[in-house]
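Trainee: I have not looked at this model before. Please take me through it a piece at a time.

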Amino acid sequence: MKNIYGYTLESLEQYFESIGEKKFKATQVFEWLYKKRVKSFDEMANVKKETIAHMKQDFLMDYPKIAAKKVGKDVYKYLFTLDDYEHVEAVLMLHDYGKSLCVSTQVGCNMGCKFCESGRRKKVRNLKTQEMILQLLQIEEDLNTRITHVVLMGIGEPFDNYENVMDFIDILNTGKGIDLGARHITISTSGIVPKIKQFMETKKQVNLAISLHAPTNEIRNQIMPINQAYPLEELLPTLKEYIKKTNRRLTFEYILLDGVNDTETCAIQLAHLIKGMNAYVNLIPYNETSYIEFRKSKDENITRFFTTLKKHNIQVTIRKEFGSEVDAACGQLRSKYEEA
């Protein structure tokens, strides 16, 4: 049996037509699931008993278990136990502009970024659509709150789980579903060029962020193995094509690692690399983990990097630091829990 939270509105319409029902039943069910947040088919008061009996035979409504929860200043970190006893994380961050949920898309990750705890423990499997949706639903229920932004920046590479991620975004964005505006959703990728090209053809108004983290192939090869498959001379033209085709501003994520990619020379190289692009740089202070040797850049180096980009007319921000006290680095809580 499949979990009903894995169905988009369109696929649920197809299901009802396949059992001889009118497809508007899908809209009714979607509203019960995502507007009224019922957790039982029997609570769907305007759906016929015969239809409910059919859904009970065909669908599950199971939620994953919250295995652990940590609370810090403006941050909540959750660890979920899935049906196969694997674990994934989600982090809710409280910003001035709203409540942003960082969602995982895979159990583990095969991208192998050297600074990332998720990459240290290899990919086990992709998350199903419902396993992403239910991260949001459970946290909203647990905190009795409404999440205003979703970023796919947790454990995993979203474009390595492309179809399930696209369905997840459809359910988030559907007016009869969670109804989260596309521009409040951000996908982060380490730079899988063919999937970026595929994504730009969808014409979704979702934000795209690129985990860049280095201004040269030499440095990027050392810390991000994906660069050996899709080096900067292939990635950058694709991103320029994306901007031209979608007319959307791009975000470059740049984690500052002490003595690795945080020099003034690196800042100048980065400015030259992205000059003229409709993009901005989000500088991210590194969240250290005991399993990995990289260290957070010194405050003066972060400030210098920021100032240098500004001098070269690059739009740049420094991400607010979250969660060092709650193991907020991607994969950190999962590792501690499973390796304890």
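**A buried residue and its surroundings**

Mentor: Asn3 has a relative accessible area of 8% and is therefore buried (under 20%; exposed is over 50%, partly exposed in between, with a 1.4 Å probe and protein chains only). The model is predicted, so local features need pLDDT of at least 70 and side-chain atom pairs 80 or more, while totals for chains, interfaces and linings use all residues. Numbering starts from 1 along each chain as its sequence is written, and side-chain values use heavy atoms, without hydrogens and water.

Trainee: Which backbone oxygen does the side chain of Asn3 reach?

Mentor: Asn3 sits in strand 1, residues 2-3 (helices, H or I of at least four residues, and strands, E of at least two, are DSSP runs numbered from the N terminus). Its side chain reaches the backbone nitrogen of Tyr5 at 3.0 Å, a polar contact (N or O atoms within 3.5 Å, one able to donate a hydrogen and the other to accept it; residues adjacent in sequence count only if both atoms are side-chain atoms). At 2.9 Å, the side chain of Asn3 also reaches the backbone oxygen of Asp62.

Trainee: How many salt bridges are there in the whole structure?

Mentor: A salt bridge is a side-chain nitrogen of Lys or Arg within 4 Å of a carboxyl oxygen of Asp or Glu. One network of them links Lys73, Asp74 and Lys320. The search of the whole structure finds 18.

Trainee: Which residue forms a salt bridge with Lys176?

Mentor: The closest N and O atoms of Lys176 and Glu31 are 3.4 Å apart. The pair joins distant parts of the chain, 145 residues apart, with Lys176 in the loop between helix 6 and strand 10 and its partner in helix 2. Lys176 is partly exposed at 38%, and its partner is partly exposed at 27%. That partner is Glu31.

Trainee: Is Arg125 buried or exposed?

Mentor: Arg125 forms a salt bridge with Asp84, the closest N and O atoms being 2.7 Å apart. This pair links strand 8 to the loop between strand 4 and strand 5, 41 residues away. Arg125 also forms a salt bridge with Glu131, at 2.9 Å. With a relative accessible area of 18%, Arg125 is buried.

Trainee: Which strands stand at the edges of the open sheet?

Mentor: Ten strands form the sheet in the order 3-4-5-6-9-10-11-12-13-14, with mixed pairing (strands pair if DSSP finds at least two bridges between them). Each edge strand has a single partner, so one side of each is left without a neighbour in the sheet. These edge strands are strand 3 (65-72) and strand 14 (316-318).

Trainee: Which residue in strand 4 stands opposite Val71?

Mentor: Strand 3 and strand 4 are antiparallel and pair over seven bridges. Opposite Val71, in strand 4, stands Tyr76.

Trainee: Within what arc do the buried residues of helix 7 fall?

Mentor: In helix 7, residues 193-200, the buried residues are Val193, Ile196, Phe199 and Met200. They line one face of the helix, because of the arc they share when seen down its axis (taken from the directions from the axis to the C-beta atoms). The buried residues pack against helix 6, strand 10, strand 11 and helix 10, with contact meaning heavy atoms within 4.5 Å. The arc is 120°.
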